[in-house]
Amino acid sequence: MISEEEARRRILEKITPLPERSIPLAVALDCFAARDYFARLPLPAFDNSAMDGYAVVASSCQKGVRLRVIGDQPAGPDRKLRVARGEAVRIFTGAPLPQGTDAIVMQEDVTRDGTEISLNVDVEPGDFVRRRGCDLAEGQMILARGERIRPATVALLASQGFADVIVGGKPTAAVISTGDELVKPGEELQPGQIYDSNSELLAALLQRCGVNATAVEHCRDDRESLGDAIKRGIKNHVLIISGGVSVGEHDLVKEALRKLGAKLEIWRVAVKPGKPFLFGNIGESFVFGLPGNPVSTFVTFLQFVRPTILRMMGATNLDLPQVPAKLAAGLTNDGDRPHYIRGKLEHGKFTPVGRQESHALFGLSQATALLRVAVGQSFKADEIVDVQIWD
Ligand code: AMP
Ligand code: MG
C-alpha cells in the first residue's frame with residue numbers, strides 16, 4: 001500500500017495537458033486559460049460620468065452659482081461638446097466627459113429652470129468622474145495561463161473586446177458503476193438490491209470539474225459484461241469505474257482490466273475512506289477504480305480524479321480550495337491511514353456531520369467541507385484548521 005501523496009504524485013506525473021483550443025466566450029466558463037491575457041484597453045476606456053447630472057468646470061462652481069445648459073451628452077457617441085466657465089452639459093451615467101469639464105454635479109443637487117441650473121452644493125474637481133484607466137491600465141495582466149475562467153473573467157474578457165479565448169482541452173470521461181445489487185433509480189427494487197447512486201454522484205462531480213460524462217453505464221459483476229463495458233469506456237481520456245476494486249470474489253475490475261492489457265500503476269492507497277483505490281491506463285485512456293462505498297467514491301474522486309482532470313484541462317492549481325475553520329469538537333486519528341472527516345462549514349466553524357463511515361451517504365450529503373487528519377494527528381476543540389471545500 002502506498003501513501004496518498006505518493007499515489008497523487010505517480011498519477012500526476014503521467015498526465016499531460018490536452019491540446020489547447022480557441023472557443024467562444026459564451027462556452028468558456030470553467031475552462032482554463034492557455035495563454036496570459038493582457039488588457040487591450042484601459043478601464044474605463046475614457047473619462048466618463050458616474051451619475052446622471054451636469055458636467056461642469058469645477059473652478060467656476062460653488063453653491064448658489066447659476067450655469068447655462070448648452071447641450072446634452074447621453075451615454076454613447078461623444079458629441080464633442082465644449083464647455084466654458086459658467087456653462088454646463090446635461091449628462092448621463094457612462095457618458096464621455098465633454099471637453100473643458102472636470103466634475104459632475106448630481107441632478108439631485110441642482111435646481112433646473114429652463115436652460116439654466118443653480119447649484120445647491122459646492123463642487124470639487126473630479127466629483128463623480130470616473131477617470132480613464134482608474135480600474136485597469138492598458139497592458140495590465142487580466143488572466144494568467146492556467147487560471148480558471150469564472151463569470152467575472154468572462155465579463156472582463158468581453159470588456160476588452162475578446163470574442164474568443166484560447167483555453168486548455170476538455171477531456172472526455174465515461175463512468176461504469178459495477179454491482180449485481182444495483183438498480184437504476186426509477187425502477188423497482190427487489191429485496192437485497194439498492195439504487196445506484198454512484199453513477200449520479202460521479203456524473204455530478206465530473207460536471208463540477210467542467211466535464212460532462214460521455215457515457216454512464218451500469219455493469220453486472222460478470223467478467224464478460226465488464227470487459228465489454230471497459231472496451232467502450234476506454235475510448236475516453238478518462239474512465240471511472242465504481243465498485244469491484246476490493247478483494248472479494250465479486251471484485252472483478254482488476255482482472256478485467258489486466259485481461260485488456262491495462263498497465264496497473266496503483267492498487268490500494270493509505271487513505272480513509274478509499275483504500276482499494278486503483279489507477280492505471282489502457283493505451284491513452286486513464287482508468288480509475290474507485291471503491292463503491294459512496295463516501296469512498298467521493299473522497300477518492302476529489303483527491304485523485306479531480307486533479308487529473310484539471311491537469312488535462314491546463315489548470316495550474318490542482319488543489320481543492322482550503323479555508324481556515326474553527327473546529328467544533330476535538331478529533332484524533334488513531335488509525336493507520338489519513339482520515340478525511342466530513343463536516344459542515346458554517347460561519348468559519350467546522351462541525352463533523354453524520355456517521356464517519358464510508359457507506360454514510362446522508363452525512364456526506366450534509367457535508368460542505370473535508371478535514372484531513374493525518375495518522376497520529378490530534379486536534380483540540382476550537383483549534384483553527386484548514387478544511388477543503390469543493391462547491
Ligand atoms: P464494492 O466496492 O463493489 O465492494 O462496493 C462496496 C459497497 O458500496 C457495497 O455496499 C455496495 O453495495 C456499495 N456500492 C457499490 N456501488 C454502488 C453504487 N453505484 N451506488 C451505491 N452504492 C454502491
Ligand atoms: Mg461490488
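**Reading helix and sheet packing**

A: Let's start with a helix on a sheet, bearing in mind that this is a predicted model. Helix 4 (residues 223-233) lies across strand 14 (173-178), strand 17, strand 18 (238-242), strand 21 and strand 22. Its direction is at about 175° to strand 17.

Q: How do I read the sheet itself, and what is the order of its strands?

A: Strands of a sheet pair through backbone hydrogen bonds, either parallel or antiparallel. Here you've got an open sheet of 6 strands, ordered 17-14-18-22-21-19, and the pairing is mixed. Strand 17 (213-219) and strand 19 (263-267) sit at the edges with a single partner strand each, so one side of each has no neighbour in the sheet. From one strand to the next, the twist averages 15°.

Q: How many bridges join strand 21 to strand 22?

A: There are 5 bridges between strand 21 (residues 278-282) and strand 22 (residues 285-290), and the two run antiparallel. F279 stands opposite F288 in strand 22.

Q: Which strands does helix 6 lie across?

A: Helix 6 lies across strand 18 and strand 22, and runs at about 165° to strand 22.

Q: And how do I describe helix 3 against helix 6?

A: Two packed helices are described by the angle between their axes and the distance between the axes. For helix 3 (residues 198-208) and helix 6 (residues 294-312), the axes come within 11 Å and cross at roughly 30°. The two are therefore roughly parallel to each other, and their crossing is right-handed.

Q: Which residues meet there?

A: On helix 3 they include L201, L202 and L205, and on helix 6 F298, F301 and I309 are among them. The contact's residues split into 9 nonpolar, 2 polar and no charged.

Methods
Residues are numbered from 1 along each chain as its sequence is written. Chains are lettered from A and ligands numbered from 1 in the order in which they are written. This is a predicted model: local features need pLDDT of at least 70, side-chain atom pairs count only at pLDDT 80 or more; totals for chains, interfaces and linings use all residues. Side-chain values use heavy atoms; hydrogens and water are left out. Axes are lines fitted to C-alpha atoms, for helices over the stretch in contact, and angles run from 0 to 180 degrees between N-to-C directions. Helices (H or I, at least four residues) and strands (E, at least two) are DSSP runs, numbered from the N terminus. Angles under 35 degrees count as roughly parallel, over 145 as roughly antiparallel, 65 to 115 as roughly perpendicular and the rest as oblique. A crossing is left-handed if the near helix is turned anticlockwise from the far one by less than a right angle, and right-handed if clockwise. Contact means heavy atoms within 4.5 Å. Ala, Val, Leu, Ile, Met, Phe, Trp, Tyr, Cys and Pro count as nonpolar, Asp, Glu, Lys and Arg as charged, and the others, Gly among them, as polar. Two strands pair if DSSP finds at least two bridges between them.
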